Amino acid sequence: MSPTSPSFAQRRLRRRRLPTPTRPLLVWVWAILAVMIVLPSIHLHSCHAFAFSTQLIKTRSDNVLRDHSTKRDHHHLHTRQHLEFGNTILRGHDLDSFNERDDNDDNNVISVTIRRTLPDATPYEARNAWIEYHWNKGGGLPIFILSKKPDDPEIDHGDDGQIMQDLERTILPIFMKEKVEHDKSSIDAKSIDLHYTVTEAGPFFSDLIPGSHSAVVTFDGTNTESSGCVMTWNVTFSTTRWSSFYEAVTKRTVGIAATTVQEASSTPRLFSMTTTIDSSHAIDPVFARKECLEFLFAEGGGLPLLPPIPFGDVLSEGGGSARQNLLRIPPLITESIIDTKTPDGMADFTYLLNDPGWGTFPFLLHTHIGRVRFTTDTAASDLIIDWDVEIRPYKFASPIMEKLAETTVSTVLRNLRVRLTEPDAVVVVKPPRGNDNLLTTGQTSLGTVAKQTWLGGVLDAHLSDTRSTMEQTTSLFQPWTWGRSGTGDEDDCLQFQWTDGHKITS
């Protein structure tokens, strides 16, 4: 049969034809690949064409000006009409569309002013919050800061603790360097100014004219009725091009940083949880604190996470084998014990989450400090455990952060109750009803789980769950209610509430 005969061609076509459902999929794949390749190519072509045309304009203008500068009788050739740049610009590219302007054009000077009211901070407190949460921690932006901390021994402090020298920092990953000038403001000052500048723009912002950047942050408490202040943040600099772009970026970044300072200096959200262990167990507060520190800082508190990594010195007061710091993975966050106290009939410890933020997602917080206190009721000899937490979350993440704190603290505290009252309790894991064939000969269970863990609490709650099938099914889609999360009402062994205020810090 001839290869050109219809039957031969039809057989080849049938062999090469893909199944019908596959052809649309390949069409979409090729379309997506085309978009991914064509659009960046067009973008790169536009950028290179613009750069090439700009360079030709500059070269052409330099040559024309050089040629005519030697001809004193032809000054009219120096006008823009006679330079005939239009023949050099590539078709379809206009300098104005890229906001390109001459270096001496006043429109290239960018000035951005942002104001925020800080009702809960004096000018001195607001200034310290700006240094702590913006200068040292990045102002809520997804950046990393390389700088000396205020408590660094190499930093000169005055008699009142103020920093007496300029501070420098490097912003990663853009490698921009900044310097803030020290101020001589007093604690009672009604108005404080902070001045800082960009000393090196870095490789990504070469359009910034060197030496043109200046910024001043003013904390003014003279016009406020309360003890708060108004923060006015002004940034001024010049660029060689793309001024609209740099102005928009500056407004966005300075606005976020100003909001961060505002939130970080506001009154914190206060979470208070309490539980009581009756006198039948006769637990001493100092012993309870030791067990809590070992359980939380050495073993992880029974949370469904990888075991923590303790580091630092062993606590010198009432901590057992617990060390001063730990690292939790995930979310790569460190916690530190910053204080322990043991007055009569009471023992407590205060801990701190170090530098929470975008790097410790999902803990989107500016500050987090907690205190656990153990006291004895003198009348009934009961052990009372009070757990207080002060947090300042990112405003947009506040509901999530509050629920996360509530669930975490309640889970650890319920696990701690089991550790103190039933130290060796376990939950026996058995196969589902009618599946005894999963057990080997002589085996009565699949194993055991410590009751003082989150998983043990879930299994124990499941075995003792008397709710209807509908309620149990609904709770499957509410993981924050699993185990011992509780409701915090009067029928629960834990009671908790949210308020605004200070209880740990002044």
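**Exercise 1. The loop before H4**

Task: Locate Trp 242 in this predicted model and state what sets its backbone apart. Is Trp 242 buried, exposed or partly exposed?

Solution.
- Step 1: Find the element. Trp 242 sits in the loop between strand S7 (229–238) and H4.
- Step 2: Read the backbone. Phi of Trp 242 is positive, about 55 degrees, although the residue is not a glycine.
- Step 3: Set this against the general pattern. Most residues other than glycine have a negative phi.
- Step 4: Classify the accessibility. Buried needs under 20% and exposed needs over 50%. Trp 242 has 28% relative accessibility, so it counts as partly exposed.

**Exercise 2. The loop between S12 and S13**

Task: Examine Asp 355 and Pro 362. Which loop holds Asp 355, and what is the state of the peptide bond from Phe 361 to Pro 362?

Solution.
- Step 1: Place Asp 355. It is found in the loop between S12 and S13.
- Step 2: Place Pro 362. It also lies in the loop between S12 and S13.
- Step 3: Check phi. Asp 355 is not a glycine, yet its phi is positive, about 50 degrees.
- Step 4: Check accessibility. At 47% relative accessibility, Asp 355 is partly exposed.
- Step 5: Check omega. The bond from Phe 361 to Pro 362 is cis, with omega near 15 degrees.

**Exercise 3. A cis bond after S3**

Task: Describe the peptide bond that joins Leu 172 and Pro 173. Where is Pro 173 found?

Solution.
- Step 1: Read omega. For Leu 172 and Pro 173 it is about 10 degrees, and the bond is cis.
- Step 2: Compare with the general rule. Most peptide bonds are trans.
- Step 3: Locate the proline. Pro 173 falls in the loop between strand S3 (167–172) and strand S4 (176–180).

**Exercise 4. H3 against H4**

Task: Characterise the packing of helix H3 (residues 123–135) and helix H4 (residues 243–264). Which residues make the contact?

Solution.
- Step 1: Choose the descriptors. Two packed helices are described by the angle between their axes and the distance between the axes.
- Step 2: Apply them. The axes of H3 and H4 come within 9 Å and cross at roughly 120 degrees.
- Step 3: Name the geometry. That angle makes H3 oblique to H4.
- Step 4: Give the hand. The crossing of H3 past H4 is right-handed.
- Step 5: List the contact. H3 gives Ala 126, Ala 129, Trp 130, Tyr 133 and His 134. H4 gives Ala 257, Thr 260, Val 261 and Ala 264.
- Step 6: Sort by type. The contact has 7 nonpolar residues, 2 polar and no charged.

**Exercise 5. Ile 385 and the largest core**

Task: Work outward from Ile 385. Is Ile 385 buried or exposed, and which residues does it touch?

Solution.
- Step 1: Place it. Ile 385 is found in strand S14.
- Step 2: Classify it. Its relative accessible area is 0%, so Ile 385 is buried.
- Step 3: List its contacts beyond four places in sequence. Ile 385 touches Met 273, Thr 274, Thr 275, Ile 277, Val 372, Arg 373, Phe 374, Leu 413, Leu 416 and Leu 420.
- Step 4: Check a long-range pair. Ile 385 and Leu 494 are 109 residues apart along the chain, and their C-alpha atoms are separated by 9.7 Å.
- Step 5: Widen the view. The largest nonpolar core has 40 residues. Tyr 351, Phe 374, Ile 385 and Trp 387 touch the most other members.
- Step 6: Trace the contributors. Elements giving two or more residues to this core include strand S8 (269–277), strand S14 (383–393) and helix H6 (398–421). H6 supplies the largest share, 7 residues.
- Step 7: Look beyond this core. Another core of 36 residues lies apart from it, with Ile 114, Tyr 124, Leu 208 and Cys 229 among them.

Definitions and conventions: Residues numbered from 1 in each chain as written. Predicted model: local features only at pLDDT ≥ 70, side-chain atom pairs only at ≥ 80, totals over all residues. Heavy atoms only, no water. Core = buried A, V, L, I, M, F, W, Y, C linked by side-chain atoms within 4.5 Å. Buried < 20%, exposed > 50% of the residue type's maximum accessible area, 1.4 Å probe, protein only. Helix = DSSP H or I, 4+ residues; strand = E, 2+ residues; numbered from the N terminus. Contact = heavy atoms within 4.5 Å. Axes fitted to C-alpha atoms, helices over the stretch in contact; angles between N-to-C directions. Parallel < 35°, antiparallel > 145°, perpendicular 65-115°, else oblique. Left-handed = near helix turned anticlockwise from the far one by under 90°. Nonpolar A, V, L, I, M, F, W, Y, C, P; charged D, E, K, R; others polar.
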